[in-house]
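Q: Could you take me through one part of this model in some detail? I'd like a close look at the sheet and the aromatic rings around it.

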Amino acid sequence: MRKLIVHPFYDYEKEEAWLNQKAAQGQALVWYCWIFYRFEPCEPGAWTYRLDYLSHPVWHPKSKEYFSFLREMGIEKVGGWIYWATLRKPAADGPFQLYSDRDSRMRHNLRISRWFGLGALGELLAFLLMLRGILGFHLESCPTFWDTHIFLTALPLLFFALLLRLRHKFRKRALRERKEQQISET
């Protein structure tokens with residue numbers, strides 16, 4: 001029986017762990033888009049899942065070439081959303097790592113950090129535009145306007161803070177990889 005689950009994630013490693021835990025319980029991910037996951041029963045532990053943040057959107061020809069290359073290696077794309085792709089490989093085929101060296105892990109985390117940074121800038125811009133609109137409105141003419149819109153104005157500010165925190169988290173991971181690489185080279 002197919003099962004649709006709505007579950008937001010902000011950390012791809014936690015999402016990977018969750019997908020692999022579901023696979024170990026006999027639930028194979030067969031479709032994914034943003035926060036929507038469709039599972040169907042499978043042999044417990046049949047699949048290993050990885051998430052990849054691509055250089056191009058999933059519909060871009062270069063991404064399609066990449067997926068074709070992965071298919072030749074026995075890896076299939078289960079779903080995607082903008083720059084994110086969910087990939088799986090039969091667990092019986094052995095370990096499944098996309099970024100096996102420090103340099104590629106560092107670049108991957110920096111790309112994710114930039115993604116969250118751009119999102120944070122967008123949310124800050126939305127907050128400032130909404131704030132400008134509220135301050136320009138005559139509050140005396142409509143007192144309920146203030147109550148509703150102050151809440152709505154705070155939402156982009158909250159998302160800004162969340163995205164900025166996530167940007168910092170992935171940038172820190174990338175810098176840790178760089179530091180470990182420098183230590184191992186000396």
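**The sheet and its rings**

A: Let's start with one bridge: Gly80 has Ala85, in strand 6, as its bridge partner. Keep in mind that this is a predicted model. Zooming out a little, strand 5 and strand 6 (residues 84-90) pair in the antiparallel sense, with five bridges between them. They belong to an open sheet of three strands, ordered 4-6-5 and paired antiparallel. Strand 4 (47-53) and strand 5 (76-81) are the edge strands, and each has a single partner strand, so one side of each has no neighbour in the sheet. From one strand to the next, the twist averages 20°.

Now add helix 1 (residues 12-24), which lies across strand 4 and strand 6 and runs at about 160° to strand 4.

On to the rings: the count of aromatic pairs comes to 16. Take Tyr12 and Trp84, whose ring centres are 6.0 Å apart with planes at 35°; since that angle falls between the 30 and 60 degree cut-offs, the pair is tilted. This pair ties together distant parts of the chain, with Tyr12 in helix 1 and Trp84 in strand 6, 72 residues apart. Both Tyr12 and Trp84 are buried. Ring pairs also join them into a cluster with Tyr53, Tyr83, Trp115, Phe116 and Phe170.

Helix 1 runs over residues 12-24, and the charged end of Lys22 sits over the ring of Phe39, 5.3 Å from the ring centre.

Methods:
Residues numbered from 1 in each chain as written. Predicted model: local features only at pLDDT ≥ 70, side-chain atom pairs only at ≥ 80, totals over all residues. Heavy atoms only, no water. Pairing = 2+ DSSP bridges. Helix = DSSP H or I, 4+ residues; strand = E, 2+ residues; numbered from the N terminus. Axes fitted to C-alpha atoms, helices over the stretch in contact; angles between N-to-C directions. Contact = heavy atoms within 4.5 Å. Phe/Tyr/Trp six-rings, centres within 6.5 Å; stacked < 30°, edge-to-face > 60°. Buried < 20%, exposed > 50% of the residue type's maximum accessible area, 1.4 Å probe, protein only. Lys NZ or Arg CZ within 6 Å of the ring centre and 35° of its normal.
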